[in-house]
Amino acid sequence: MFEDLLFPKNRNKSGNLLKINTFQHYLYKKNSMKSKATSSILIFLLLTHFVSANGDHSDSRNTASEENSISVNSDGVNPCISDLQYSILESRIKENSLALGRFSYLHPATENTITSLSWPLRPASNLTDCSYYFISAYVDQDTAAGAIRDFNCGNNTYDSHRGTDISIWPFNFYKMDNNLVEVIAAAPGTIIDKHDGEYDRNCAATSNPANYVLIQHADGSYALYWHMKNGSITSKAIGQSVSVGEYLGVVGSSGSSSGPHLHFEIWAGSTSATRLDPFSGSCNTLNASSWWAAQKPYKETAVIKASVHTTDAVFPACPATETSNQSTSFQVPFQGPGLSAGYAKFYAFFRNEVSGLPATLSILNPNGSTYLTWNYTSANDVKARAWSWSKVLPTNPGTYTFQAIYNGITCSSFFDITTSTGINHTGISSDLKIYSSIENRHTTFELKHNSIRQIEIFNILGAKVFSMEGSSSAMEINSELTGGVYFYRLMDANQLVYSGKLFIQ
Ligand SMILES: [Zn+2]
């Protein structure tokens with residue numbers, strides 16, 4: 001049985017099936033030790049949704065790639081943690097607790113002993129994507145063999161899975177290689193066990209050992225952080241305490257894992273039989289209350305990255321590292337490998353894509369007006385999927401915005417169009433003055449003929465790093481931004497938008 005196969009049977013306006021491209025598709029076979037096969041299939045794309053302001057800006061190289069099962073382990077035979085590994089963990093808890101002179105809580109904690117959990121991952125400071133993860137499997141609440149049910153009565157789990165799998169995405173091995181997603185303590189506690197030194201590029205559910213950290217909280221409950229990158233485990237010793245948010249390691253694919261993800265598991269007591277599900281929901285039979293300080297929605301539908309690429313991104317078979325081919329600067333005349341002259345690839349990465357929910361993709365001119373806009377509507381529910389479109393680049397020099405809006409969430413990135421003369425900006429309107437104080441790094445925006453309603457500052461990859469609203473004609477930005485290149489977007493009281501580059505000393 002295969003899950004989540006995607007074969008959109010869409011047609012263009014003339015009714016032809018369009019053969020677009022091939023991609024690596026990860027098939028997830030249930031109830032088998034060989035849980036995953038890789039296959040190339042053909043994708044057909046709906047072109048009827050493509051709208052452009054001035055003619056057809058699409059060529060035929062529109063592609064989709066689905067990674068909803070890339071980091072999902074399979075079943076009770078080789079889950080994220082094997083029965084043998086669980087029993088080893090229980091033994092080590094006993095040994096280490098004894099050695100530390102600590103009381104090992106043998107009984108399940110009650111509802112009175114709920115530790116408040118924060119999110120156990122954070123992006124490294126140099127990761128500026130709008131988000132970086134999706135949940136590939138919750139705790140299996142159905143103890144019957146072969147039956148699955150998550151806390152929300154859905155099927156985002158696999159048989160006898162005892163934790164929450166949080167996959168990093170997109171470009172997951174690239175993220176791992178570059179330490180871009182860190183595992184942090186979800187709650188304060190004491191390191192009761194940890195292990196490092198294991199191979200971290202596994203691609204299938206196996207009996208391999210993992211790199212991990214096990215933390216005991218003040219109420220006697222435990223949190224298990226599993227599958228981490230080789231060599232990344234905290235240097236703190238067993239017995240030392242950690243605070244909430246403290247670094248524990250880097251997300252990897254050590255142990256029984258089919259791709260870089262964190263397996264996060266909560267025990268009320270010192271045995272795996274006391275496992276809990278931190279998410280509250282009508283099908284959670286393990287505990288009534290949520291253990292999260294702020295429980296995330298069951299589906300966090302969003303576009304988590306919008307980016308511009310010189311050609312197709314390369315998603316090789318696990319465990320090879322992906323090549324994004326992302327770029328923030330295009331010199332015209334531009335020729336991308338394999339693309340029509342003047343075209344680039346525009347990627348949007350959707351988390352928990354929902355059937356029928358439309359996304360709006362736009363390329364905005366340096367002055368904020370629309371250069372090109374198109375829509376995409378998903379035909380099915382998918383945990384994580386990348387879509388890309390070939391679009392003709394602007395040719396006037398300047399700083400443009402690629403913006404994707406999905407489920408009310410906007411994700412943007414910026415790119416420069418340059419010429420061989422090196423001119424890379426169309427200049428600032430004479431209505432707008434920007435001046436900076438070198439001493440205190442304050443920047444003042446002043447409009448000649450109108451008041452400023454809003455100023456937003458974005459970093460080089462398009463993440464919004466500052467936002468301020470007002471109603472006066474001059475606004476001073478007193479930010480803690482580090483020196484470097486940023487982009488501003490200023491909107492006046494008439495909703496006229498000014499945008500451009502900003503250098504902070
Ligand atoms: Zn897991």
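Two strands count as paired here when DSSP finds at least two bridges between them. Keep that in mind as you move through this predicted model, because the tour leans on strand pairing, and two strands of a sheet pair through backbone hydrogen bonds, either parallel or antiparallel.

**Stop 1: the whole chain**

Start with everything in cartoon view. The protein has two helices and 29 strands. Colour by burial and you will find that buried residues make up 44% of the 505 residues. Of the contacts with a separation of 6 or more, 69% join residues 24 or more positions apart.

**Stop 2: a small sheet and its bridge**

Now select strands 23, 24 and 27. They form an open sheet in the order 23-24-27, with antiparallel pairing. Strand 23 (432-436) and strand 27 are at the edges with a single partner strand each, so one side of each has no neighbour in the sheet. From one strand to the next, the twist averages 15°.

Zoom in on strand 24 (residues 443-447), which is joined to strand 27 in the antiparallel sense over four bridges. Which residue of strand 27 is the bridge partner of Glu446? Pick Ala474 and you have it.

**Stop 3: Ser473**

Step back one residue to Ser473, in the loop between strand 26 (464-469) and strand 27 (474-477). Is Ser473 buried, exposed or partly exposed? With 15 other C-beta atoms within 10 Å, Ser473 is partly exposed, since a residue needs 20 or more to be buried and 12 or fewer to be exposed.

Show the surroundings next. Leaving out residues up to four places away in sequence, Ser473 touches Glu446, Leu447, Asn450, Ser451 and Ile452. Draw a distance from Ser473 to Leu447: the two are 26 residues apart along the chain, yet their C-alpha atoms are separated by 5.3 Å.

**Stop 4: a five-stranded sheet**

Select strands 16, 18, 19, 21 and 22. These five form an open sheet in the order 16-22-21-18-19, and the pairing is mixed. At the edges stand strand 16 (329-331) and strand 19 (370-377); each has a single partner strand, so one side of each is left without a neighbour in the sheet. Ignoring direction, neighbouring strands here are turned by 20° against each other on average.

Within this sheet, look at strand 21 (residues 398-406) beside strand 22 (residues 409-418), an antiparallel pair with nine bridges. Phe402 is a handy landmark, standing opposite Ser413 in strand 22.

**Stop 5: the largest nonpolar core**

Show side chains for the largest nonpolar core, which has 104 residues; Tyr225, Val303 and Ala348 have the most contacts inside it. Strand 17 (residues 343-353) gives this core its largest share, seven residues.

Centre on Tyr225. Beyond its neighbours within four places in sequence, Tyr225 is in contact with Pro120, Val183, Tyr212, Val213, Leu248, Gly249, Leu262 and Phe264.

**Stop 6: helix 1**

Finish at helix 1 (residues 83-100). Its 18 residues should span 26 Å at 1.5 Å a residue, and the end C-alpha atoms are 25 Å apart, which agrees.

Which residues of helix 1 are buried? Select Gln85, Leu89, Ile93 and Asn96. Looking down the helix axis, the buried residues fall within an arc of 90°, so they line one face. Strand 8 (189-195) and strand 9 (211-216) are among what covers them. Rotate to the other side of helix 1 and you meet the exposed Asp83, Leu84, Ser87, Ser91 and Leu98. Just after the helix comes Gly101, with a positive phi near 70°.

Definitions and conventions. Residues numbered from 1 in each chain as written. Predicted model: local features only at pLDDT ≥ 70, side-chain atom pairs only at ≥ 80, totals over all residues. Core = buried A, V, L, I, M, F, W, Y, C linked by C-beta atoms within 7 Å. Contact = placed C-beta atoms within 7 Å. Axes fitted to C-alpha atoms, helices over the stretch in contact; angles between N-to-C directions. Expected span 1.5 Å × (residues − 1). Arc of directions from axis to C-beta.
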